[in-house]
Amino acid sequence: MFDGLKRLFVGSDSQPDRDERQTIAGESLDQEIDAVRQTQLIDPSQLQAARDAAGKSGKSRRAGKSNAGASGSESASLYRPSLRPPMGFLAALDDGSIRDAEIYRLRGGSVVIGRQEGDIQFPYEVLMSSKHAKLECRRHRSGYQWHFTDLESRNGSFFRVQRAYLRHDQEFLIGRHRVAFQIPTPGADATTPTTGENDLHATQLIESVKIAMPRLRYRDLRQETEHTHVLDNPHLVIGADSSTCGLTLHDEFVCPNHTRIHHTEKGWLIEDLGSRNGAWLRLHQAKLDQITEFQLGEQRFYFRPPKSTRR
């Protein structure tokens, strides 16, 4: 029993058994991450439903192992501290895995992640800044809430999204490619009207008009060459299949139809098409009030906040 607890809270060099890899919600880490893959982190109601379903599953398994329910014990909530900030759950995913991870239970008020400085360090992560980002638990109304802040890192912090509206100079990751969405200044590409050489009152003649179109600038992180794709169509699919995609990326981590960008009444929307490796949007700050995946450098993380705690 004590060996199992030691492996759960401290970690070990040996690979833990599946049953020992349980999160503080009762479900296994594998099951919880699988639930995240299905909901893609965008709809809080779906996320809550996934967490509730996982919790009910965990309760039913525990009920099968004991007869505690017969005494009415299920009517009481599980004990949790009420005088200190609630614990956050952070996992640094192993290379090439969506399940195996190094687990960090965040019991302090804030945690700094970096390459050379901070509470959690990744010395060989060359794209991560010395002090890259901070996770902080702040007072929120009558409880607490975890927040993420990028510490002015050089290469930014990226969050996995299902769909999101793009603003000018918004960056996102697809596989090994870094992409920037840009909206040119209105009229920047338009030609200047011409008039008759000796007649200032002549009707103006416009030889041609070019409408300034949004564009994508992108490059493979392993290369210096940058490419440009003009969004001259309101619908663009990005992926590895040249027969179905308007923008083809030769990238082993990109699905045949990976992501699409399309124009709506509210603006340009990027949407993940159920890809294996996801679409990742660069953000400077974020509220960690739901299950979230984010990437610093090439290291991917999985964060699950605790349930709200009221005093």
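This is a selection-by-selection tour of a predicted model.

The model is predicted, so local features are given only at pLDDT of at least 70 and side-chain atom pairs only at pLDDT 80 or more, while totals for chains, interfaces and linings use all residues. Residues are numbered from 1 along each chain as its sequence is written, and side-chain values use heavy atoms, with hydrogens and water left out.

**Colour by confidence**

Start with pLDDT, the predictor's confidence in each residue, from 0 to 100. The mean for the protein is 79, and 67% of its residues reach 70 or more. Helices (H or I, at least four residues) and strands (E, at least two) are DSSP runs, numbered from the N terminus. Helix α1 (residues 2–9) has the lowest mean pLDDT among the elements, 44, and strand β17 (residues 279–282) has the highest, 98.

Select residues 37–45 next: pLDDT stays under 50 there, and the model has 21 contacts beyond four places in sequence for them; a contact means heavy atoms within 4.5 Å. Residues 190–194 also stay under 50, with 10 such contacts. Where pLDDT is low, the predicted coordinates should not be read in detail.

**The five-strand sheet**

Select β4, β3, β5, β6 and β18, which in that order form an open sheet with mixed pairing. Two strands pair if DSSP finds at least two bridges between them. β4 (120–121) and β18 (285–287) stand at the edges with a single partner strand each, so one side of each has no neighbour in the sheet. Inside the sheet, strand β3 (residues 110–114) and strand β5 (residues 133–140) are antiparallel and share four bridges. One position to click is V112, whose bridge partner in β5 is K134.

Stay in the sheet and select H147, in strand β6 (residues 143–150). Is H147 buried or exposed? H147 is buried, at a relative accessible area of 14%; the classes are buried under 20%, exposed over 50% and partly exposed in between (1.4 Å probe, protein chains only). Leaving out residues up to four places away in sequence, H147 touches K134, L135, E136, R138, A286, K287 and L288. The H147 side chain also makes a polar contact with the side chain of Q145, at 3.3 Å. A polar contact is a pair of N or O atoms within 3.5 Å; within protein, one must be able to donate a hydrogen and the other to accept it, and residues adjacent in sequence count only if both atoms are side-chain atoms.

**Rings**

Show the side chains of Phe, Tyr and Trp. Their rings (the six-membered one for Trp) pair if the centres lie within 6.5 Å; planes under 30 degrees apart count as stacked, over 60 as edge-to-face and the rest as tilted. The count by this rule is eight aromatic pairs. One of them is F89 with Y302, edge-to-face at 6.3 Å centre to centre and 85° between the planes. F89 is in strand β1 (residues 88–93) and Y302 in strand β20 (residues 299–304), so the pair ties together parts 213 residues apart in sequence. F89 is buried at 2% relative accessibility, and Y302 is buried at 0%.

Add R304, which lies over the face of F89 at 5.1 Å from the ring centre. The rule asks for NZ of Lys or CZ of Arg within 6 Å of the ring centre and within 35 degrees of the ring normal. R139 lies over the face of Y144 in this way, at 5.0 Å. Then select F122, F148, F159, F294 and F301, which form one aromatic cluster.

**Strand β11 and its partners**

Move to strand β11 (residues 215–220). Which residues lie on its covered face? L216, Y218 and D220 do, while R215, R217 and R219 make up the uncovered face. Strand β10 (residues 177–182) runs antiparallel to β11, joined by six bridges, and H177 has D220 as its bridge partner. Four bridges join β11 to strand β12 (residues 227–230), also antiparallel, with R217 opposite T228. β11 and β12 form a hairpin with six residues between them.

**Loops**

Select P86, in the loop between α3 (44–65) and β1. P86 is buried at 10% relative accessibility. P86 and R107 are 21 residues apart in sequence and 7.0 Å apart in space, C-alpha to C-alpha.

Finish with two backbone positions. Most residues other than glycine have a negative phi. E152 has a positive phi, near 55°; E152 is in the loop between β6 and β7 (157–161) and is exposed at 65%. D169 has a positive phi near 70°; D169 lies between β8 (163–165) and β9 (170–174) and is partly exposed at 44%.
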